[in-house]
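This report describes the arrangement of helices and strands in a single protein model. The sequence and structure are shown below.

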Amino acid sequence: MFSHVTLGTNDLSRARIFYDSVLGALGYENLGNKETASLWGGAGPRFVVLKPADGNIASVSNGLTVGFAAANRAAVDEFHKCALQAGGTDAGAPGFRDVGPNVYAAYVRDLDGHKIVASCISER
């Protein structure tokens, strides 16, 4: 359905360090850094953090959550731990959610305030 997801940042250097850590915990790799953007993915760039092209300050979208697939509960836990260590804030500790059967997820806010989540389907 999606070719990629893009989030704005006001400090690309800090965002790179943050996302290298949290996405690395999920097995996604940094596919390249450009002057105004960085790209992560597996079989191609699927997640991009960049400075807004219009030159305005990046801001958080109310209600937006970017979800990353995790292989298992351990990866979700590691994602959450790495996010907090990298300066992110807790937005929902790792645990089962009532959004579907056996959904295990952890929510954090990145350094710019964007809400991101890692989740997997796991037996209780």
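How many bridges join strand 5 to strand 8, and do these strands run parallel or antiparallel? There are 5 bridges between strand 5 and strand 8 (residues 115–121), and the two strands run parallel. The model is a predicted one.

## The sheet of strands 5 to 8

Strands 5 and 8 belong to an open sheet of 4 strands, ordered 5-8-7-6, with mixed pairing. Strand 5 (65–69) and strand 6 (89–97) are at the edges; each has a single partner strand, so one side of each is left without a neighbour in the sheet. From one strand to the next, the twist averages 15°.

Two residue pairs can be located between strand 5 and strand 8. Ala69 stands opposite Ser119 of strand 8, and Val66 has Ile116 in strand 8 as its bridge partner. In a regular strand, side chains alternate between the two faces of the sheet. Strand 5 shows such an alternation: Val66 and Phe68 point to one face and are buried, whereas Thr65, Gly67 and Ala69 point to the other face and are not buried.

## Helix 2 on its sheet

Helix 2 (residues 73–85) packs on this sheet and touches strand 6, strand 7 (103–109) and strand 8. The direction of helix 2 makes about 10° with that of strand 7.

Val76 is a residue of helix 2. Is Val76 buried or exposed? Its relative accessible area is 0%, so Val76 counts as buried, the cut-off being under 20%. Leaving out residues up to four places away in sequence, Val76 touches Ala70, Tyr104, Ala105, Ala106, Ala118, Ser119 and Cys120. Ser119, one of these contacts, is also the residue that stands opposite Ala69. Val76 and Gly92 are 16 residues apart in sequence, and their C-alpha atoms are 12 Å apart in space.

The loop between strand 6 and strand 7 contains Asn102. Asn102 has a positive phi of about 60°, although it is not a glycine.

## The sheet of strands 1 to 4

A further open sheet consists of 4 strands in the order 1-4-3-2, again with mixed pairing. Its edge strands are strand 1 (5–8) and strand 2 (29–33), each of which pairs on one side only. Neighbouring strands of this sheet are turned against each other by 20° on average, direction ignored.

Strand 2 pairs with strand 3 (residues 37–41) in the antiparallel sense, over 4 bridges. The connection between strand 2 and strand 3 is a hairpin through 3 residues. Across this pairing, Gly32 stands opposite Leu39, and Asn33 stands opposite Ser38.

## Helix 1 on its sheet

Helix 1 (residues 12–24) contains 13 residues. From its first C-alpha to its last, helix 1 reaches 17 Å, close to the 18 Å expected at 1.5 Å a residue. Helix 1 packs on the sheet of strands 1 to 4, touching strand 1, strand 2, strand 3 and strand 4 (45–50). Its direction makes about 5° with that of strand 3.

Which residues of helix 1 are buried? They are Leu12, Ala15, Arg16, Phe18, Tyr19, Val22 and Leu23. An α-helix has 3.6 residues a turn, so residues three or four places apart point the same way. Ala15, within helix 1, has a relative accessible area of 4% and is therefore buried, the cut-off being under 20%. Apart from its neighbours within four places in sequence, Ala15 is in contact with Thr9, Trp40, Val49 and Leu111. The C-alpha atoms of Ala15 and Leu50 are separated by 8.9 Å, although the two residues are 35 residues apart along the chain.

## Where the two helices meet

Helix 1 and helix 2 have axes that come within 8 Å and cross at roughly 160°. Because angles over 145 degrees count as roughly antiparallel, helix 1 is roughly antiparallel to helix 2. The crossing of helix 1 past helix 2 is right-handed.

Which residues of helix 1 meet helix 2? Phe18, Ser21 and Val22 in helix 1 meet Phe79, Cys82 and Ala83 in helix 2. Phe18 and Val22 are also among the buried residues of helix 1.

Technical notes. Residues are numbered from 1 along each chain as its sequence is written. This is a predicted model: local features need pLDDT of at least 70, side-chain atom pairs count only at pLDDT 80 or more; totals for chains, interfaces and linings use all residues. Side-chain values use heavy atoms; hydrogens and water are left out. The expected span of a helix is 1.5 Å times one less than its number of residues. Buried means under 20% relative accessible area, exposed over 50%, partly exposed in between (1.4 Å probe, protein chains only). Two strands pair if DSSP finds at least two bridges between them. Axes are lines fitted to C-alpha atoms, for helices over the stretch in contact, and angles run from 0 to 180 degrees between N-to-C directions. Contact means heavy atoms within 4.5 Å. Angles under 35 degrees count as roughly parallel, over 145 as roughly antiparallel, 65 to 115 as roughly perpendicular and the rest as oblique. A crossing is left-handed if the near helix is turned anticlockwise from the far one by less than a right angle, and right-handed if clockwise.
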